[in-house]
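Here are my notes on this one, set out as numbered points so you can follow along with the structure open. I hope they help you find your way around.

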Amino acid sequence: MHAITISAQGGPEVLEYVERPDPVPGDGEIVVDVAASGVNFIDIYHRSGAYPLNLPITIGSEGAGTVSALGPGVDGVAVGDTVAWASVLGSYAEKAVVPAGRAVPVPDGVPAEVAAAAMLQGLTAHYLTHSTHEVRPGDQVLVHAGAGGMGQLLVQLAKLKGAKVYTTVSTSEKEKLAREAGADEVLRYEDFAEALSGKIDVVYDGVGAATFDGGLQALRPRGLMALYGAASGPVPPVDPQTLNKQGSLFLTRPTLVHYIAERAELLQRASDLFGWIASGKLAVNVSHRYPLAEVRQAHEDLAGRRTTGKLILIP
């Protein structure tokens with residue numbers, strides 16, 4: 001089989017398309033013939049060294065496909081089942097080894113490519129809008145980067161919960177996509193803080209350094225900043241007194257693994273997600289498909305903000 005491995009952390013040039021022996025599942029593991037792998041900013045952090053890894057390693061954290069082999073002690077899944085997963089390294093490959101407890105069933109109404117595109121970002125949007133801050137009817141929500149794959153899902157889920165949704169974008173083309181996702185008002189990054197000062201209940205920020213201070217300004221007293229990513233770079237250390245001065249604000253830095261640590265919670269979130277997709281309530285915009293061998297281009301396009309929607313790799 002072919003896989004994308006790194007032997008050193010760095011730029012896109014460290015991504016290697018290599019041939020490897022077909023994997024053999026261990027205890028509690030399954031092997032999946034990968035239909036598609038999702039491309040996410042966490043993959044760039046793994047590649048670059050922002051998140052150090054033991055090398056060499058196959059990267060990629062999300063995918064979907066057909067189960068082709070079962071390891072000892074696996075039950076509840078069979079060869080031929082379609083499954084999806086998130087937060088499992090090794091997904092940039094033609095065959096992936098997945099702990100059976102991390103795989104979720106994909107219903108017939110959801111294509112495998114869509115499932116692969118939806119898992120990491122969809123589960124993240126779910127926990128942000130249902131757990132980190134449970135969005136309620138009438139909430140005023142700010143979603144940064146509303147034209148991206150993550151932003152479009154957050155906008156849709158916040159609207160399903162009855163919120164008024166503001167979002168930020170950089171171009172007119174991206175504004176159109178954010179409005180199609182359901183955003184009530186679309187702002188440019190340079191204007192949002194002043195326009196929204198003191199009125200937002202929750203800010204969902206995956207951009208980081210470039211938007212963080214403005215997001216705090218936009219929050220109402222006792223509002224919540226959910227900083228779930230740092231696409232523009234890490235946020236510098238924050239003086240807690242800043243949160244006091246700006247209205248007893250709340251700040252959290254959540255991550256998906258802590259919201260799907262228990263299998264029951266993982267299955268519930270995935271069931272909700274796939275149910276919304278199958279019923280047409282949630283649209284997953286798979287905007288770019290790349291052959292697995294062209295992973296370097298996918299990383300360059302994502303990091304360069306040349307894309308909208310979701311990027312996937314096809315083995």
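**Notes on the sheet and its helices**

1. Let me begin with a helix: α2 bends by about 50 degrees at Met-119. Please keep in mind throughout that this is a predicted model.

2. The length of α2 is worth a quick check. At 1.5 Å a residue, its 21 residues should span 30 Å, and the end C-alpha atoms lie 28 Å apart, which agrees. Helix α2 is also mostly covered, with 17 of its 21 residues buried.

3. What does α2 lie across? Helix α2, residues 112-132, lies across β12 (200-205), β13 (219-227) and β14, and it runs at about 145 degrees to β13.

4. Those strands belong to an open sheet of six, in the order β11-β10-β9-β12-β13-β14, with parallel pairing. At its edges are β11 (185-188) and β14 (250-252), each of which pairs on one side only. From one strand to the next, the twist averages 20 degrees.

5. Now for β12 itself. Six of the six residues of β12 are buried, so the strand is largely enclosed by the rest of the structure. Three bridges join β12 to β9, and the two run parallel; here Val-143 has Tyr-204 of β12 as its bridge partner. With β13, strand β12 pairs in the parallel sense over five bridges, and Val-203 stands opposite Met-225 in β13.

6. Moving along the sheet, β9 (residues 140-143) pairs with β10 (residues 164-169), again in the parallel sense, over four bridges. If you would like a residue pair to look for, Val-141 has Val-165 of β10 as its bridge partner.

7. Which strands does α3 lie across? Helix α3, residues 149-160, lies across β9, β10 and β12. Its direction is at about 170 degrees to β9.

8. Helix α3 also meets a neighbour, α4 (residues 172-181): their axes come within 8 Å and cross at roughly 30 degrees. The crossing of α3 and α4 is right-handed. On the α3 side the contact is made by Gln-152, Val-155 and Gln-156, and on the α4 side by Leu-177, Ala-178 and Ala-181.

9. One strand ties the two helix descriptions together: β12 is among the strands that α2 lies across, and β12 is also among those that α3 lies across. It would be a friendly place to start when you look at the model, with β9 joined to it by three bridges and β13 paired with it over five.

Methods: Residues are numbered from 1 along each chain as its sequence is written. This is a predicted model: local features need pLDDT of at least 70, side-chain atom pairs count only at pLDDT 80 or more; totals for chains, interfaces and linings use all residues. Side-chain values use heavy atoms; hydrogens and water are left out. Two strands pair if DSSP finds at least two bridges between them. Axes are lines fitted to C-alpha atoms, for helices over the stretch in contact, and angles run from 0 to 180 degrees between N-to-C directions. Contact means heavy atoms within 4.5 Å. The expected span of a helix is 1.5 Å times one less than its number of residues. The bend at a residue is the angle between axes fitted to the seven residues ending there and the seven starting there. Buried means under 20% relative accessible area, exposed over 50%, partly exposed in between (1.4 Å probe, protein chains only). A crossing is left-handed if the near helix is turned anticlockwise from the far one by less than a right angle, and right-handed if clockwise.
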